[in-house]
Amino acid sequence: KDQKAIEVTQQQRDAARKQAAEALVGEKEAQAAERKAEQEFRESQQQAKTSEAKEAKSKQQAAAAEAKDQKAIEVTQQQRDAARKQAAEALVGEKEAQAAERKAEQEFRESQQQAKTSEAKEAQNKQQAAAA
């Protein structure tokens, strides 16, 4: 009876040891799985940060390109405005030159007319003097 009790107790101890060993293995596997999950979480966090940084850089580059394009548009607009102003000034200058030319021609015709009138008067005076 004692021998039987010893064997039963021994079997219970063996079963308990086996159960403890299995529990230990299960604990180690659970810890390994937990470490793996934590590692994957850290990696995904790092990837998210990297993606955010890339996106922010892309947005910054797009904003810089847009600002550069805007500046180029403004410079082109300023150049157009300057060219229009220059063209308008040249047109005004051309009109002023034409007006001055017409005035000079008018004055020349008037002086020619005065010269003819003076010559005619002088000829008339000479004729009258000769007649007298």
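## Reading a one-helix model

Tutor: Start with one residue. Gln31 sits in helix α1. Keep in mind that this model is predicted.

Student: What is the relative accessible area of Gln31, and how is Gln31 classed?

Tutor: Residues under 20% count as buried and those over 50% as exposed, with partly exposed in between. Gln31 has a relative accessible area of 36%, so Gln31 is partly exposed.

Student: How many helices and strands does the protein have?

Tutor: There is one helix, and there are zero strands. Helix α1 covers residues 2–131.

Student: How do I read the overall shape? What is the radius of gyration of the protein?

Tutor: Set the value beside that of a compact globule. For 132 residues, such a globule would have a radius of gyration near 14 Å. This protein has 56 Å. Now look at the box around the C-alpha atoms. Along the principal axes, that box is roughly 190 × 10 × 5 Å.

Student: How far apart are the C-alpha atoms of Gln31 and Ala131 in space?

Tutor: Always read two separations, one along the chain and one in space. Gln31 and Ala131 are 100 residues apart along the chain, and 148 Å separates their C-alpha atoms. Try another pair. Asp81 and Gln19 are 62 residues apart in sequence, with 91 Å between their C-alpha atoms. Here is a third pair. Ala123 and Gln112 are eleven residues apart in sequence and 16 Å apart in space, C-alpha to C-alpha.

Student: What share of the residues counts as buried?

Tutor: Buried means under 20% relative accessible area. Of the 132 residues here, 0% count as buried. Take Ala123 as a case. Ala123 lies in helix α1. Ala123 counts as partly exposed because its relative accessibility is 43%.

Student: How much area does the protein expose, and which atoms supply 52% of it?

Tutor: About 12,100 Å² is exposed. Carbon and sulfur atoms supply 52% of that area.

Student: Now the charges. How many positive and negative side chains does the protein have?

Tutor: Count each set, then compare their centres. The protein has 25 positive and 25 negative side chains. The centres of the two sets lie 2 Å apart.

Student: How many salt bridges does the structure hold?

Tutor: Look for a side-chain nitrogen of Lys or Arg within 4 Å of a carboxyl oxygen of Asp or Glu. The structure holds four salt bridges. One of them joins the side chains of Asp14 and Arg17, at 3.4 Å from N to O.

Student: Where do Asp14 and Arg17 lie, and how far apart are they in residues?

Tutor: Both lie in helix α1. They are three residues apart, which is about one turn of the helix. Check their exposure too. Asp14 is partly exposed because its relative accessibility is 38%. Arg17 has a relative accessible area of 52%, so Arg17 is exposed.

Student: Which residue meets Glu55 in a salt bridge?

Tutor: Lys59 does, at 3.6 Å from N to O. Why are Glu55 and Lys59 about one helical turn apart? Because they are four residues apart in helix α1. Glu55, at 46% relative accessible area, is partly exposed. Lys59 counts as exposed, with 55% relative accessibility.

Student: And Asp81? Which residue meets Asp81 in a salt bridge?

Tutor: Its partner is Arg84, at 3.5 Å from N to O. Arg84 and Asp81 are three residues apart in helix α1, about one turn of the helix.

Student: Why does Asp81 count as partly exposed?

Tutor: Use the cut-offs again: partly exposed falls between under 20% and over 50%. Asp81 is at 39% relative accessibility, so Asp81 counts as partly exposed.

How values were computed
Residues numbered from 1 in each chain as written. Predicted model: local features only at pLDDT ≥ 70, side-chain atom pairs only at ≥ 80, totals over all residues. Heavy atoms only, no water. Helix = DSSP H or I, 4+ residues; strand = E, 2+ residues; numbered from the N terminus. Rg over C-alpha atoms; globule rule 2.2 N^0.38 Å. Buried < 20%, exposed > 50% of the residue type's maximum accessible area, 1.4 Å probe, protein only. Areas by Shrake-Rupley, 256 points an atom, 1.4 Å probe, with all protein chains shown as cover. Lys, Arg positive; Asp, Glu negative; His and termini not counted. Charge placed at Lys NZ, Arg CZ, Asp CG, Glu CD.
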